[in-house]
Amino acid sequence: MRIRAAMRDELPLLCELERAAGAPFAAIGMPEIADDEPPAPHELAHYLDAGVALVAVPDATDLPHVTDLPQQPGPGPIAGYLLAEPVDGALHIEQVSVHPDHARRGIGRALIEHLAAGTDAPALTLTTFADVPWNAPYYARCGFRPLADHELTPGLREIRRKEAEHGLDRWPRLCMRRDLARDPQRDLTPDAPGALS
């Protein structure tokens, strides 16, 4: 499995993958989520320009049915993706999606760990459904903790407001945070962002 930055011509594939990843919500009584149209490629382009867009690309030996995944000539199949952007000093994960035919193989966790290893941000944040097994309970296993209302930053409050406008509050939702260990030696390096002077 390789994790790399998404390419602009792959954005339509992310939309297709998101449709497939949303389908399991119908089986747990959330058909509105399953049927929700994913963001258009031009909306996803924001993450290429002002945030992070990662894709997980399997090798032929990783997955037996690589041809089942969204693909096009050139970049190859995509098993999952992650979108994130800076929010109030943290890196906020907007979306982690894995094709359901290839779930439970560590792809989502690998995307999150890749993001965590590659950022100088002190934390990762996200919003998620509290009671969906592959949402909040999954993120808790990945090191995220629920945030109390008084811990929400202005940016997280704005994200939650927009989610409520979109109707996501029909089901319990919460914000979560994963603090990232920082390398103190890195912070003392003169060229490091935020270095002591």
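A helix axis here is a line fitted to C-alpha atoms over the stretch in contact, and the angle between two axes runs from 0 to 180 degrees between N-to-C directions. Keep that in mind for helix H1 (residues 11–22) and helix H3 (residues 41–50), whose axes come within 9 Å and cross at roughly 110 degrees. That angle falls between 65 and 115 degrees, so H1 counts as roughly perpendicular to H3. One thing to know before going further: what you're looking at is a predicted model.

**The overall layout**

- The protein chain has 7 helices and 7 strands.
- Walk along the sequence and you meet them in the pattern β-α-α-α-β-β-β-α-β-α-β-α-β-α.
- The protein chain has 197 residues, and 46% of them count as buried.

**Back to the two helices**

- Two packed helices are described by the angle between their axes and the distance between the axes.
- Which way does H1 pass H3, left-handed or right-handed? The crossing of H1 and H3 is right-handed.

**Aromatic rings**

- How many aromatic pairs does the structure hold? The count is 5 aromatic pairs.
- One of them joins Phe 129 and Trp 171: the ring centres sit 6.0 Å apart and the planes meet at 85 degrees, so this pair is edge-to-face.
- That pair links distant parts of the chain, since Phe 129 belongs to strand E5 (residues 123–129) while Trp 171 is in the loop between helix H6 (154–165) and strand E7 (173–179), 42 residues apart.
- Are these two buried or exposed? Phe 129 has a relative accessibility of 6%, so it counts as buried, and Trp 171 is buried too, at 17%.
- Tyr 139 and Phe 144 make another pair, with ring centres 5.9 Å apart and planes at 75 degrees, so they are edge-to-face as well.
- Both Tyr 139 and Phe 144 are buried.
- Zoom out a little and you'll find one aromatic cluster formed by Phe 25, Phe 129, Trp 134 and Trp 171.
- Phe 129 also has a charged partner: Arg 173 lies over the face of the Phe 129 ring, at 4.4 Å from the ring centre.

**Cysteines**

- How many disulfides are there? The count comes to 0 disulfides, going by the rule that a pair of cysteine sulfur atoms must be within 2.5 Å.
- Cys 142 has a relative accessibility of 4%, which means it counts as buried.
- Cys 175 is buried as well, with a relative accessible area of 3%.

**Two residues with positive phi**

- Asp 88 isn't a glycine, yet its phi is positive, near 50 degrees.
- Where is Asp 88? You can find Asp 88 in the loop between strand E3 (80–87) and strand E4 (90–98).
- Asp 88 has a relative accessibility of 46%, and since partly exposed runs from 20% to 50%, that is the label Asp 88 gets.
- Arg 104 is the other one to look up: phi is positive here too, about 65 degrees, and again the residue is not a glycine.
- Arg 104 sits in the loop between E4 and helix H4 (107–117).
- Is Arg 104 buried or exposed? At 84% relative accessibility Arg 104 is over the 50% cut-off, so it counts as exposed.

**Far along the chain, and how far in space**

- Ala 136 is part of helix H5 (residues 136–141), and its relative accessibility of 7% is under 20%, so Ala 136 counts as buried.
- Ala 136 and Leu 174 are 38 residues apart along the chain, and their C-alpha atoms are separated by 8.0 Å.
- Leu 174 turns up again with Arg 145: the two are 29 residues apart in sequence and 9.9 Å apart in space, C-alpha to C-alpha.
- Arg 145 lies in strand E6 (residues 145–146), and with a relative accessible area of 33% it is partly exposed.
- What separates Asp 88 and Leu 152 in space? Their C-alpha atoms are separated by 10.0 Å, and the two residues are 64 residues apart along the chain.

Terms used: Residues are numbered from 1 along each chain as its sequence is written. This is a predicted model: local features need pLDDT of at least 70, side-chain atom pairs count only at pLDDT 80 or more; totals for chains, interfaces and linings use all residues. Side-chain values use heavy atoms; hydrogens and water are left out. Buried means under 20% relative accessible area, exposed over 50%, partly exposed in between (1.4 Å probe, protein chains only). Rings of Phe, Tyr and Trp (its six-membered ring) pair if their centres lie within 6.5 Å; planes under 30 degrees apart count as stacked, over 60 as edge-to-face and the rest as tilted. Helices (H or I, at least four residues) and strands (E, at least two) are DSSP runs, numbered from the N terminus. A charge sits over a ring if NZ of Lys or CZ of Arg is within 6 Å of the ring centre and within 35 degrees of the ring normal. Angles under 35 degrees count as roughly parallel, over 145 as roughly antiparallel, 65 to 115 as roughly perpendicular and the rest as oblique. A crossing is left-handed if the near helix is turned anticlockwise from the far one by less than a right angle, and right-handed if clockwise.
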